[in-house]
Amino acid sequence: MIIILKESAAPAQIEELRKNMESRGLVVQDIRGESKYMLGLAGDTSGVSEEGLQRFDFVDRVMKVSEPYKLSGRHFHPEDSVVEIPGGVRIGGGNFAVIAGPCSIESEEQILSIAKDVKRSGASLLRGGAFKPRSSPYAFQGLGLDGLELLKIAKEKTGLPIVTEIMSTDYLDIFESDVDVIQIGARNMQNFSLLREVGKLGKPVLLKRGPSSTIEELLMAADYILVEGKSSVILCERGIRTFETATRNTLDLSAVPVLRKKSHLPVVVDPSHGTGYWDLVFPMALASVAAGADGLIIEVHNQPERALCDGQQSITPALFDKLMHKLSALRETLQSA
Ligand code: PEP
Ligand code: MN
């Protein structure tokens, strides 16, 4: 529900209305439209009477928001959100950023070598999994906390902020203190208790779309994080499960303009998991930018053939470098078009 206020509404009146709504357990968000000032209500509004609100002489009108997501929706925040990451990196609202690195952290030598290479090519953030969500319990599960320590060394040596996946609430405090962007993996997109806990940390969260989730479900998952009122969210399209077997997943690039229409949150694309093949990463990364993505997350490995996880979809640092050149040329062309 959105309460549209008259221009004559006094700050004290707005404040009283806000307190009244908050006392009913609702989350109240300020919305500044082009000329209007509005209050967005998220939560169970079934007990709020539209007629009752309209009796206040400073209320212009009340609008129902039919979408099941609220805080991630454009109605509640007409402008693009810009997510600020420590180290001066920004994503969204015209700020473009590339996250690059291996699927998994394997050794100090590996993560350092890749981190230095991707930084030289212009990546803004370093990725690397320490806790890996593997389909098989017998596959490499990641180095856990030891891996996180190695990622921190790479951050220290390169200055790149780090992005890594949280799998459970076990190490929330460590992620809070050590990780710059907390990744919620596709398989955990609807782990609602994890979303709520991460939402309390006040950190940027990279939320990956579930392999079988609709766009609406992705946005409702984002609301689970945002409703805690502290963390910011970057959405990630990483491919969905379809009947097609020629690729690992079907990269749903139409999700990019759809998300940008429905939501104010930045959208990044993962062409690595989205396709599953290294030679498809380059064209689909370019296509993602053409579709309007605010950023990319790309798996890069210095020895893809020996990678402990996802080597088949990892590009080499040399190819990543070529891609970064092509991306900046494409972005320039798109900006001047
Ligand atoms: C990953 O980024 O390494 C990963 C496991 O991605 P997803 O959750 O999209 O499968
Ligand atoms: Mn991977």
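These are my notes on a four-stranded sheet and a helix pair in a predicted model.

**Setup.** Local features here need pLDDT of at least 70 and side-chain atom pairs count only at pLDDT 80 or more, while totals for chains, interfaces and linings use all residues. Residues are numbered from 1 along each chain as written, chains are lettered from A and ligands numbered from 1 in written order, and side-chain values use heavy atoms, leaving out hydrogens and water.

**Sheet.** I looked up the strand order and got E2-E3-E1-E4, an open sheet with antiparallel pairing. Strands (E, at least two residues) and helices (H or I, at least four) are DSSP runs numbered from the N terminus, and two strands pair if DSSP finds at least two bridges between them. E2 (27-32) and E4 (59-63) are the edge strands, each pairing on one side only. From one strand to the next, the twist averages 20 degrees.

I then checked E1 (residues 2-5): four bridges join E1 to E4, and the two run antiparallel. Leucine 5 sits opposite valine 59 in E4.

Helix H1 (residues 11-22) packs on this sheet and touches E1, E2, E3 (37-42) and E4; contact means heavy atoms within 4.5 Å. The direction of H1 makes about 5 degrees with that of E3. Angles run from 0 to 180 degrees between N-to-C directions, and axes are lines fitted to C-alpha atoms, for helices over the stretch in contact.

**Helix pair.** Next I looked at H3 (residues 108-121) and H11 (residues 317-336), which pack at about 20 degrees with axes 9 Å apart. Asp117, Val118 and Ser121 in H3 meet Pro317, Phe320, Asp321 and Met324 in H11.
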